[in-house]
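Student: Could you help me read this structure? I would like to learn what to look for, one feature at a time.
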Amino acid sequence: MRSAFVRYPWSCLIHALALAGLMLLYLQFQLPWYVSLPSYLLLALWPWLGPWQRHEEGCVETPVPAEEGALQQLSRSLSQSTSRNALAAAELAFIAQQLAVRSQQQVQQASEASGVADLLSQSGLLQADNAATAARQVEQVSLQSDAARQLLQQASQSMQHLASQSGQSEGLIGELTERSGQIRELTARIGAIASQTNLLALNAAIEAARAGDLGRGFAVVADEVRSLAGHTSAASAEVARMSAAISEQSAAVAAHIQAQGSALSQAAQEVGVASQQLLEIAEHGQALQGEVAGIAQASADSQRRLQQQGENLRLLREDSTASRTQISQLAEAAQRLLDAAEQSSEQLAAVALDDYHQGMLELAEQAARAIATRFEADLASGRISAAELFDRQLQAIPGSQPARFHSRFDAYTDEVLPALQEPLLDRHPALVYAIATTPEGYVPTHNQAFAQPPTGDLAQDMLRCRSKRLFNDRTGRRCGSHQQRLLLQTYSRDTGELMHDLSVPLWVNGRHWGGVRLGYRPQSAG
């Protein structure tokens, strides 16, 4: 009787690891009970279902052939449970990845929205200040318009008063003109009297001359009367001339006053219109003042709401950042579960995988042996050199999109690999691809369904033009770089489809060339 831990050093470790992994899945990720409970019970009862018995030293084995068969059956059951757990973890990792992307977008959008809200808040504050300033200016304009209207009203009244006085002055000048006419008539009569007096004095002088010495005194009087008549006539003429001049000037003044009166009346009317317009402006200013005050209040309210919105967006950004951190932790936990499932699958393969994965493993190992045999034969025949076959200096193909590369063994693998890879796809309906890959994740020759020539349509070429591509993501890079018996990875494609990827190392003359990689759908979808 040999200790089971000595014979199978992985057995107790698997038991503890599987129990812990399932418990973590159940507690942290709330997996459905129909997934967690059967696996957990199976693992918990493992020591009593198989050949194991509890001893103080640990787990021991009773080497009975029937118990060895039970151990293989248990290993297959564990492989199935591990596969289901890996599928659940892969689905969880995919969801976490999608959530992480969306969370990052939400953080970015929240940051952008917060920045926009800050700008809007500042703009709203500026608008509120501008609106308040405009309200004060409108109020000042309204006050100035009212004061101007009052001044115009006073000016209008003064102009109307002047127009009225101009009418009175025009009446007085009319009377003056009339008086001047009367003076001219009077001076005309005085002139006529002076002429008659002068004629009478002349006649009297003639008669006094006839009288001789007796009429000499009367002649002197007649000369004086004639001289007075001359002076009177001259004065009357001067008065008449002055009266005519006064009449002309009075007429001119009257016309000027009349024109000024008309202008004052017109100006008074215009001032009245301007006053009315200022009144309307003042009324509109008061209405505008109310509207601007309302705008200022609304701007202030909007600014306060924007500040609150900015605060909410800041909290949302912080929550999104915290959620992104938690989602990253969830993705890391899911990846750790996948890693544990991969390790469990590798260790279980020492006994037996479940029939589904075991068949894929045997198929991959057969393919690796066939490819290695062909490579070794062609190396021996000189068809290709070791330097060419193990070339790792990839040369980018100019203008290729998605990026494609050349190596020194491309032409060779394009000739020999299709005959070795394509028949594998007919061996199982769940197989999607069966390819050889280098440790860097470079696939020189893909399956024919995925080795179509480039079309220029990026979406189609990403899916169908996959030869000479470098798949250096986590899954693709590990397929050709590991050197253990197998690596069973479970992942979710970008379409959300779950996929198993089983790879085995490819050795050529004892030298690690890369790996053979089988991609197949889970059993439930096969």
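Tutor: Happily! Let's begin with Asn509, which sits in the loop between β9 and β10. Keep in mind that this is a predicted model.

Student: What is the phi of Asn509, and what kind of residue is it not?

Tutor: Here is the general idea: most residues other than glycine have a negative phi, and most peptide bonds are trans. Asn509 is not a glycine, yet its phi is positive, at about 55°.

Student: Is Asn509 buried or exposed?

Tutor: The cut-off for exposed is over 50% relative accessible area. Asn509 has 53% relative accessibility, so it counts as exposed.

Student: Where is Lys468, and what is its phi?

Tutor: Lys468 lies in the loop between α10 (458-464) and β7 (469-470). Its phi is positive too, about 60°, although Lys468 is not a glycine. Now apply the other cut-off: buried means under 20%. Lys468 has a relative accessibility of 8%, so it counts as buried.

Student: And the peptide bonds? Which form does the bond from Gln401 to Pro402 take?

Tutor: That bond is cis, with omega near 10°. You can find Pro402 in the loop between β3 (395-396) and β4 (405-406).

Student: Let's move on to the sheet. In what order do the four strands of the open sheet come?

Tutor: Reading across, the order is β5-β10-β9-β8, and the pairing is antiparallel. Notice that this is an order in space, as the sheet is laid out.

Student: Why is one side of β5 and of β8 left without a neighbour in the sheet?

Tutor: β5 (431-437) and β8 (487-492) stand at the edges and each has a single partner strand, so one side of each has no neighbour in the sheet. As you go from one strand to the next, the twist averages 20°.

Student: How many bridges join β5 to β10?

Tutor: Six bridges join β5 to β10 (residues 511-520), and the two run antiparallel. To trace the pairing, find Ala434 opposite Leu518 in β10, then Ala436 opposite Val516 in β10. At the other edge, six bridges join β8 to β9, again antiparallel. There, Leu487 has Ser503 in β9 as its bridge partner.

Student: How many residues of the edge strands are buried?

Tutor: In β5, seven of its seven residues are buried. In β8, six of its six are buried. Look at which way the β8 residues point: Leu487, Gln489 and Tyr491 go one way, while Leu488, Thr490 and Ser492 go the other way, and all of them are buried.

Student: Which helix lies across these strands?

Tutor: Helix α11 (residues 474-481) lies across β5, β8, β9 (498-508) and β10. Relative to β10, α11 runs at about 135°.

Student: How many disulfides does the structure hold?

Tutor: Zero. Two of the cysteines can still be read for burial: Cys465, at 2% relative accessibility, counts as buried, and so does Cys479, at 0%.

Student: Last one: what is the mean pLDDT of the protein?

Tutor: The mean pLDDT is 75, with 68% of the residues reaching 70 or more. Over residues 1-10 the pLDDT is below 50, and this stretch has 23 contacts in the model beyond near neighbours in sequence. Residues 48-64 also have pLDDT below 50, with 37 such contacts beyond near neighbours in sequence.

Note on methods
Residues numbered from 1 in each chain as written. Predicted model: local features only at pLDDT ≥ 70, side-chain atom pairs only at ≥ 80, totals over all residues. Heavy atoms only, no water. pLDDT = per-residue confidence, 0-100. Contact = heavy atoms within 4.5 Å. Pairing = 2+ DSSP bridges. Axes fitted to C-alpha atoms, helices over the stretch in contact; angles between N-to-C directions. Disulfide = S-S within 2.5 Å. Buried < 20%, exposed > 50% of the residue type's maximum accessible area, 1.4 Å probe, protein only.
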